Amino acid sequence: MRTECAVVLGSLAMGTENNVKSLLDCHIIPALLQGLLSPDLKFIEACLRCLRTVFISPVTPEDLLYTDAAVISHLMALLSRSRYTQEYICQIFSHCCKGPDHQTSLFNHGAVQNIAHLLVSTSYKVRHQNYSVFHHDQTLPCLVRMCSKERLLEERVEGAETLAYLIETDVELQRIASITDHLIVMLADYFKYPSSVSAITDIKRLDHDLKHAHELRQAAFKLYASLGANDEDIRKKIIETENMMDRIVNGLSESSIKVRLAAVRCLHSLSRSVQQLRTSFQDHAVWKPLMKVLQNAPNEILIVASSTLCNLLLEFSPSKEPILESGAIELLCSLTQSENLALRVNGIWALMNMAFQAEQKIKSDILRSLSTEQLFQLLSDSDVNVLMKTLGLLRNLLSTRPHIDHIMSTHGKQIMQAVTLILEGEHNIEVKEQTLCILANIADGTTAKELIMTNDDILQKIKYYMSHSNAKLQLAAMFCISNLIWNEEEGSQERQDKLRDMGIVDILHKLSQSSDPNLCDKAKTALQQYLA
């Protein structure tokens, strides 16, 4: 019971800042710290998880952890109890190490000895939080200083690469680093080496300089990629740094594979910005060199380049049109046949983005290039991401009535087979829901409707999902029925009669009494179609 209570309190703490304030007012922290004295490991873990969530909140004063020195000693002792105690305690320390007093306290209680060996932990979260403990106030400015002009070339490379690694997943650290010592401008100097041509007097020196020039550029691109991973303002600052887009574009065709990879990573990071896709990416026709990279590159570059292409193909991106014209469909279809999972996901994801609100010709081209065999192949892929993105592609292809009718007139038989295959398979709720939504789209077609009405097997499946225990699936099945019985359309009477004979109206009456307001509304609307 106590463990369950700790879990519920932890869930409440994940809500708003006001939730956390209320919990703090009820003295939740002393109660949870008391719980850590229990012999029951599951209860200890639940208390630690809740403490972690409370301390992560900006409204919780970090000093509450340090009011009693015995608490720190006890947490150090609990570190080795389980993988979860390690993870939660490291996260607590990482968020409560804000200044010299906290550092000294943790240091005096043996934080270094107790935590350093966890850096080789198999758990990524434990490793990451341990870096956090040490790099809040000592480390970060020191690494930024290593990037300055005065330092040795090796140090500048080392500083930028280490910083890129440490801040890669932490938004807060990305923000702090971006405003420390004008780091973004400082990195622009990495592209200016070697500074004078006359200094290159012999071949050996040239070799040395080229090697260092490559390493500096790679490190700068990597750090820019990490800095801009999440924050729109930081991306804007990076792009506004002198000639930045030109440098990235040049980086995409460098001879050094490491520099190419780092440049693509940087481009990928910046392509997460809607604003930049509409402006700088368009002004510099970034899609051209990107498509060139995709023609022939090792997998590690292909993965990042195809992720970037997914962003450039979103409907608001002006690059979408020229990318289409440059043969992207064939390229992406070939990626979906890759042995490499990440490439299959990216290939199908990009096609899904491309098909969204596209004109009929593009949709037909995608289907033709992909081939029905490959579509089936992707729908039976063992990876759920591939399956979901393929269903997303189908759903985007089958939207707007004339397109639905056109595609179903040419590929209807195969698409209905594919839908049946998935509804009969062992799949999760999301997959089944997406499949029923595709059916609802087909049911919206004028001629395509008949492919459902003449398929008793599919009709029975829709009926089955109307009474399913999951409301999402019920709702999706209802969309199919609504589209089939809609009054104003030709043949609605016959369709209504056939569905009534199948017992659909009885189910609608039941659902109109449902406690779920969405289901209830949808069922009442459908019943009105029968009465009208």
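The paragraphs below go through the nonpolar cores of this predicted model and then two of its helix pairs.

The largest nonpolar core is made up of 139 residues, and those with the most contacts inside it are Tyr224, Leu227, Met354, Leu439, Ile442, Ile452 and Leu499. Taking Ile452 as a point of entry, and leaving aside its neighbours within four places in sequence, one finds it in contact with Met416, Leu439, Ile442, Ala443, Ile458, Leu459, Ile462 and Leu484. Apart from this core there is a second, separate one of 37 residues, which includes Leu23, Ile29, Leu65 and Cys97.

Leu23 also takes part in a helix pair, since the contact between α1 and α2 is made by Leu9, Leu12 and Ala13 of α1 together with Asn19, Val20 and Leu23 of α2. Helix α1 spans residues 2–13 and helix α2 residues 17–25, and their axes come within 8 Å and cross at roughly 135°; the two helices are therefore oblique to each other. By class, this contact has five nonpolar residues, one polar residue and no charged residues.

Farther along the chain, helix α22 (residues 328–335) packs with helix α24 (residues 360–370) at an angle of about 40°, with the axes 9 Å apart. Because angles under 35 degrees would count as roughly parallel, the angle of about 40° makes α22 oblique to α24, and the crossing of these helices is right-handed. On the α22 side the contact is made by Ile329, Glu330 and Cys333, and on the α24 side by Ile362, Asp365, Ile366, Ser369 and Leu370. By class, the contact of α22 with α24 has five nonpolar residues, one polar residue and two charged residues.

Notes:
Residues numbered from 1 in each chain as written. Predicted model: local features only at pLDDT ≥ 70, side-chain atom pairs only at ≥ 80, totals over all residues. Heavy atoms only, no water. Core = buried A, V, L, I, M, F, W, Y, C linked by side-chain atoms within 4.5 Å. Buried < 20%, exposed > 50% of the residue type's maximum accessible area, 1.4 Å probe, protein only. Contact = heavy atoms within 4.5 Å. Axes fitted to C-alpha atoms, helices over the stretch in contact; angles between N-to-C directions. Helix = DSSP H or I, 4+ residues; strand = E, 2+ residues; numbered from the N terminus. Parallel < 35°, antiparallel > 145°, perpendicular 65-115°, else oblique. Left-handed = near helix turned anticlockwise from the far one by under 90°. Nonpolar A, V, L, I, M, F, W, Y, C, P; charged D, E, K, R; others polar.
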